[in-house]
Every structure is written in structure tokens, then in C-alpha cells.
Amino acid sequence: LLARPRLLLVDELSLGLAPVMVEHLLAELRALRDEGTTIVVVEQSVNVALGVADHAYFMEKGEIRFSGDARALLARPELVRSVYLQGARDALRPRSREKAGQHDAASPRAGGDAPPALRLEGVAVRFGGVAAVDYVDLDVHPGEILGLIGPNGAGKTTIFDLVSGLTPPDAGRIALHGHDITGTPPSTRARAGLGRSFQDARLFPGLTVAETLAVAFERWIEGDDVVTGALRLPPGGRIERAVTEQVDELVELFGLQAFRSKRIGDLSTGSRRMVDLACVVAHRPTVILLDEPSSGIAQREAEALGPLLLGLRDRLDATLLVIEHDIALVSSVADRLVALDQGAVVATGTPAEVLDHPAVVASYLGTGDTTLRRSDQPTGVAP
């Protein structure tokens, strides 16, 4: 903005940003527009786009499919639809929350006799003089979906790095299903059932989608070795056929047929996110760390993501930790929310309790309805 542009191009305005930050940015864009600046915004959330746009263009596969008033776009369900996740959501249909035992006091989700699926005891790490994670205690019960929220820089992703072994803690202990994993490498944690997705979908850029999914099945391949593969022995062929069948199933499940032979580095942010989620299903972990799963995907995909996460929990019998700035999404799936700020826990409880906490509202949520409902149906607009 120091260059005082007459035309400003903003790519993915809300990507990875807390609601209060998006609220501030929308206000800045409105002020710039009122001063005479022409603004073009690329935005996956139609709700966020409606907060600033006068005119909307909807693009699909390189073509403009709609041009007109931004609010009229929501009345075109044949355009604003779930392309990737609809099939996966239907296939991974969740049990009802009551049947799943979420509200049963005897359920492991409410405590029970089982050890926590994941436990952090006094975990801390500093970068220079900054406490990125400040002696955090956290228990996540088997089968629970725990949402982590907080402003940018609160320490959420750093906690994931500590749990997955990418960053060693300065203090504290981390246990997976009752076993201390504090000093173990990421590969050992992955074999023990810990799964992780990244906000930027860290996949092998030179591999195709099918090859990437095949690598994700590695944990479950038995009888494979260098000699069998090099000499093309019969067991190797059977293993390859079995993996190919499972890859085909995931490709169809996540609507990735058109990208099966494309390299990961050639995909869009949203398409890589779909492959990333498919890799999580292939790995079949018992504890899953999802870092902003709705990041970079269209609004209708984000709306389909909630039921998909519930179904994923049920299908894999897994525990989920979800970092998410889409408040409508995370509050619809989480059993509990934990709010962080400056590396410390400031609130924990049910979604309603945490989202009403004054410190959470002030530092993270703000008051803008648009930014709080990135993937929720706007009031008065039919789906």
C-alpha cells in the first residue's frame, strides 16, 4: 500500500488469518475503495467476498461461469457446490453424535478409564526470547475432536510441531496412548499411529497424485522389500495391485479422477488440500493433527468438510486435533475447544463456553459476523 496503487490485486484474502484480522483487512479494503482504488479479490469464502465485493466472477477450470452481483452468486447452487468432498462426505457418513457416545458420561470422550489418546504435560518451547508454547497441559481423550483456536502467532502450529516431533520441547512430556514419545523421531510417531496434515499441504511436488497416495499407504504394506521389488517377484506384484486398488478407491472418494496423473507441484492450493486429506485416510492414524483443513478450499467444500471430519473420526476410530480459523466449521464438529494466546491456554470448554469467553472475543474473534461465518450459510439466503 506504500506504492498507493490505483489497482490492487489481493490473492486469498482470508487464507490462514484469524477472524479479527480478516475483519480489519475488510475494513481497510472498504476504505481504499471509498478513496477510489479499484480492488480485485481472489477469495474462496463467498461470505467473506460478500463483505467487500460489489461484482463477482465465478471461475471453474479456467472459464468464467458467472458474472454479476456478488450476492446473486449464492442463488446459483449448480455453481457454488462441493466438487471434491461431496462423495467423500457421503461415503464417510458419521454416526449421530449421541450414538457416538459424545454426551455419555461413561464414554472415553468424557474421560472414562482409558488413558488419554494424547497428553501434554508442562510442554514449553522458546524461540529466542519468545515463549512460543508456555508450559501447556492438555489431555485429548480417545475418539474426541478437539479444536485449537487463537490469534495468529498464538502457538497452535508449534504445538503440532512439538507433538509430531519436528520441534524438540525445552520442557515437558508428550504421551501417545499412554506411551512417552517425547524423545522419539517423527517416523516412530507416525508408525505408532500419529498422523499430521500441514496448512500448506507438504507433499512431494514431483510425484503424481496416485504416487503420493501410494506412498501414504506405506505403513500398511507387508512383505515388501528391496529384493522383491528389484526382481519383480510375485509377492511384489500382488502388493502393487492391492495398493493400486486402494489408491483408486481414494481417488474416487475425494473426486480426484481428473488429477490422478498430475504432479502435486502443478495442482492448485485447494486440490493439494484434497490430496493431503486423502493421504491422512490412507495412513489410517489413531491420532490426527489437522492444521487448518479448510485452508485454500472453496466455501462449499468447507461446508462439506464438517460431516467429513466426523465420518473420518468414526471410520478410523481416531482422535482429532483441529486447528481452524473457520469458526462455523470448528464449532460444529468439536467436542471441546481450547483457545490459545501468546503460547498459553486462555480458555477451554465446550464451543459455546470458549467462544463466549471475553478474552477470546477480544483477541481473536472480533465482532464481524461475516468473518465468523466463512463457511456458514448467510442469513436470508437459501442454500
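**Strands, helices and charged pairs in a predicted model**

Strand β11, residues 287-291, pairs with strand β12, residues 319-323, in the parallel sense over 5 bridges. The structure described here is a predicted model. Within this pairing, Val-287 stands opposite Thr-319 in β12.

The two strands belong to an open sheet of 6 strands with mixed pairing, whose order is β10-β11-β12-β7-β13-β14. The edges are formed by β10 (194-197) and β14 (344-349); each has a single partner strand, so one side of each is left without a neighbour in the sheet. On average, and with direction ignored, neighbouring strands of this sheet are turned by 15° against each other. Helix α9, which comprises residues 269-283, lies across β10 and β11 and runs at about 175° to β10.

Another helix to consider is α10, residues 299-316. Helix α10 contains 18 residues and reaches 25 Å from its first C-alpha to its last, close to the 26 Å expected at 1.5 Å a residue. A kink of about 30° is nevertheless found in α10 at Leu-305, shortly before the proline Pro-307. The helix is mostly covered, with 15 of its 18 residues buried. Asp-317 follows α10 and has a positive phi, near 50°.

Positive phi values also occur in two loops. Most residues other than glycine have a negative phi. Glu-292, although not a glycine, has a positive phi of about 50°. Glu-292 is placed in the loop between β11 and α10, and its relative accessibility of 6% makes it buried, because buried means under 20%. His-177 is likewise not a glycine and has a positive phi of about 50°. This histidine, His-177, lies in the loop between β8 (171-176) and β9 (179-180). With a relative accessible area of 32%, His-177 is partly exposed.

The charged side chains add a further set of connections, and the count of salt bridges comes to 13. One of them joins Asp-335 to Arg-313, with the closest N and O atoms 3.9 Å apart. This pair links distant parts of the chain, since Asp-335 lies in the loop between α11 (327-333) and β13 whereas Arg-313 belongs to helix α10, 22 residues apart. Both Asp-335 and Arg-313 are buried.

A further salt bridge is formed by Arg-336 and Glu-144, whose closest N and O atoms are 2.5 Å apart. Here too the pair links distant parts of the chain: Arg-336 is in strand β13 (residues 336-341), Glu-144 is in the loop between β6 (130-140) and β7 (145-149), and the two are 192 residues apart. How buried or exposed are the two partners, Arg-336 and Glu-144? Arg-336 counts as partly exposed at 21% relative accessibility, while Glu-144 is buried, with a relative accessible area of 1%.

Arg-119 and Glu-121 also form a salt bridge, in which the closest N and O atoms are 3.8 Å apart. Arg-119 is partly exposed, with a relative accessible area of 28%, and Glu-121 counts as partly exposed at 34%. Arg-119 and Glu-121 are part of one network with Asp-139, Arg-173 and Asp-180, joined by salt bridges that share partners.

Technical notes
Residues numbered from 1 in each chain as written. Predicted model: local features only at pLDDT ≥ 70, side-chain atom pairs only at ≥ 80, totals over all residues. Heavy atoms only, no water. Helix = DSSP H or I, 4+ residues; strand = E, 2+ residues; numbered from the N terminus. Expected span 1.5 Å × (residues − 1). Bend = angle between axes of the 7 residues up to and from the residue. Buried < 20%, exposed > 50% of the residue type's maximum accessible area, 1.4 Å probe, protein only. Pairing = 2+ DSSP bridges. Axes fitted to C-alpha atoms, helices over the stretch in contact; angles between N-to-C directions. Contact = heavy atoms within 4.5 Å. Salt bridge = Lys/Arg side-chain N within 4 Å of Asp/Glu carboxyl O.
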